[in-house]
Amino acid sequence: MYNLTHLHLQWNKISKIEGLDKLTKLKKLYLGSNCICVVENMTGLKYLEELHIEKQNADGPDALCFDPRTMLAIGTTLKILNVSENKLTDMAWIKPLRCLEVLNASKNRLEDVQATADDLCTLICLVDANFTGNPMTKKHRYKEIIIARCAQLRILDTIVIHNTSKTFLRSFDKAVRLRQMNFRNKIEMSKQGVEDFFDLNMMRGSTQSAITVGEQAKGHPGLTIIDSTYGFMPRPLLRARTMPRENFVPPSEPPPTTGNDMSIVAPVKGILKKPMPMKYI
C-alpha cells in the first residue's frame, strides 16, 4: 500500500477523507460520486498530481468546501482537478494551486465572472479550464473577461483560443483597467474634499468654502462671495436696503453735528488766517 500511485474510490458513500497520510507516493485519486463535504486530510500526499472529486453530496444543499492547509500542501504538485457538479459559488480557494494545468468546474453555481477571473489569474500554469453549465457563462463578455485575465489559457470550455484573439483581448483589457485606475485616482471635488482643502491651505475659523456659501445663497438671494487669497467669505447678510438705488435722492442739508464729533477741527491760529488755496496743495 505504501507504493500505491492510483486509487479509485468512486460510488462508496464516503463522507470524510481520512487514512491517506501514509500513501506518500499517491499520484492519482478518484473520489467522485460520494458524500464528502470538506476536502481535507491530504497534507501527506506530497506527489499528488490528479484529484477527481466531482458530484459530492448531490442530495444536500451545501457546496463542497476546501481546507486551506490541504490546498497549500497539494498546491505544489497538483496538475489536474475535477470539481464539477459541486454547487460551488466562488473560486477563491483555488489560489494556492500554482501548478494546476487543467481545471474542470462545470455545472456549478458560479455567477461573478470578474471575481472568477481574478482568482484564476494567479494560476500561472493553467492552460485548460471548463466552466460550462455555470450561470456566468450566459453573461455578457464572459469569455472575453476570462481570456483577457488568464494570459496562459489555451482552451476555454473545450474550445481552443487563437493567439490573435488572446493578444487583442489582453490589450483591450489592459486599456480598460488602466482607464478605470486613472478614474479612481482622480480627486473627487465633493463638498468634503473642498472643505479638507481649505482646512489645509486656507485660514481656519470663519472662512467658508465656495460650495458652502453657494448652498447658503439659495436661501438668501442677497448673499455674494468675495474671492480672496485666503478664503471665500460671505458679505454680511443683514445689510438692509430701504430704497432702490435708482430712486435714491441725496439729502439737501448735511447731518447735524454733535460736540463729540472730531471730524470738524477748529482752525489753527498762526500766520495763515485763511485756508490754503488748492493750487498750493
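Begin with the whole chain coloured by burial: of its 281 residues, 32% are buried. The model is a predicted one, and its accessible surface amounts to about 19700 Å², with carbon and sulfur atoms contributing 57% of that area.

Switch next to a cartoon representation. The chain displays 6 helices and 12 strands. If contacts are drawn for pairs with a separation of 6 or more, 46% of them join residues 24 or more positions apart.

Now select Phe66 and Trp93 and show their side chains. The structure contains 1 aromatic pair. Its ring centres, those of Phe66 and Trp93, are 3.8 Å apart and the planes meet at 10°, so the pair is classed as stacked. To place the two residues, highlight strand E5 (residues 65–66), which holds Phe66, and then the loop between strand E6 (80–82) and strand E7 (102–104), which holds Trp93. The pair therefore ties together parts that are 27 residues apart in sequence.

Are these two rings on buried or exposed residues? Phe66 has a relative accessibility of 13% and counts as buried; Trp93, with a relative accessible area of 13%, is buried as well.

Finally, recolour the chain by pLDDT. The average is 77, and 64% of the residues score at least 70. Select residues 203–211, where the pLDDT is below 50; this stretch makes 19 contacts in the model beyond near neighbours in sequence. Then select residues 223–241, also with pLDDT below 50, for which the model shows 34 contacts beyond near neighbours in sequence. Predicted coordinates should not be read in detail where pLDDT is low.

Terms used: Residues numbered from 1 in each chain as written. Predicted model: local features only at pLDDT ≥ 70, side-chain atom pairs only at ≥ 80, totals over all residues. Heavy atoms only, no water. Helix = DSSP H or I, 4+ residues; strand = E, 2+ residues; numbered from the N terminus. Buried < 20%, exposed > 50% of the residue type's maximum accessible area, 1.4 Å probe, protein only. Contact = heavy atoms within 4.5 Å. Areas by Shrake-Rupley, 256 points an atom, 1.4 Å probe, with all protein chains shown as cover. Phe/Tyr/Trp six-rings, centres within 6.5 Å; stacked < 30°, edge-to-face > 60°. pLDDT = per-residue confidence, 0-100.
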